[in-house]
Amino acid sequence: MTKGQAAAGMALPPLPDDLRRQEAHAPVVEGESVIAVLARERQALDRANARQGRTVHFYDDLTTRYGAPR
């Protein structure tokens, strides 16, 4: 049991592994067009933003079930 669990009096569910992952920048390949690199970078940003949305949803679900943080 962690210090936070003892203070809260309950065990919170674990954070999904996906939400801990960092998104890498798109690789830059010599001779490739800038537009292609930008398109891949935007796809990476879309994945990162989707992950952030899942994190917010996870946290909001916790606060709904266990109460808002103090």
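## Exercises on a two-helix chain

In helix α2, the buried residues are V37, A44, R51, F58 and L62. Buried means under 20% relative accessible area, exposed over 50%, and partly exposed in between (1.4 Å probe, protein chains only). Helices (H or I, at least four residues) and strands (E, at least two) are DSSP runs, numbered from the N terminus. Keep in mind that this is a predicted model, where local features need pLDDT of at least 70, side-chain atom pairs count only at pLDDT 80 or more, and totals for chains, interfaces and linings use all residues. Residues are numbered from 1 along each chain as its sequence is written, and side-chain values use heavy atoms, with hydrogens and water left out.

**Exercise 1.** Work out how the span of α2 compares with the expected one.

*Solution.* Start with the rule: the expected span of a helix is 1.5 Å times one less than its number of residues. Next, take the helix itself, which has 33 residues. From first C-alpha to last, α2 reaches 48 Å, close to the 48 Å expected. Just after α2 comes G67, with a positive phi of about 100°.

**Exercise 2.** Decide whether R51 and L45 are buried or partly exposed, and find what R51 touches.

*Solution.* Both sit in α2: R51 and L45. R51 counts as buried because its relative accessibility is 5%. L45 has 47%, so it counts as partly exposed. Now for the neighbours, using contact in the sense of heavy atoms within 4.5 Å. Leaving aside residues up to four places away in sequence, R51 touches D18, L19, R21, Q22 and E23. The R51 side chain also reaches the backbone oxygen of D18 at 3.2 Å.

**Exercise 3.** Trace the salt bridges that involve D18, E23 and E32.

*Solution.* A salt bridge is a side-chain nitrogen of Lys or Arg within 4 Å of a carboxyl oxygen of Asp or Glu. By this rule the count is seven.

- D18 pairs with R21, with the closest N and O atoms 3.1 Å apart.
- E23 pairs with R47 at 2.9 Å between the closest N and O atoms. This pair links distant parts of the chain, since R47 is in helix α2 and E23 in the loop between α1 (3-8) and α2, 24 residues apart.
- E32 pairs with R40, and here the closest N and O atoms are 2.7 Å apart.

Last step: put the pieces together. D18, R21, E23, R47, R51 and R54 are linked in a network of salt bridges.

Notes
Polar contact = N/O pair within 3.5 Å; in protein donor to acceptor, adjacent residues only side chain to side chain.
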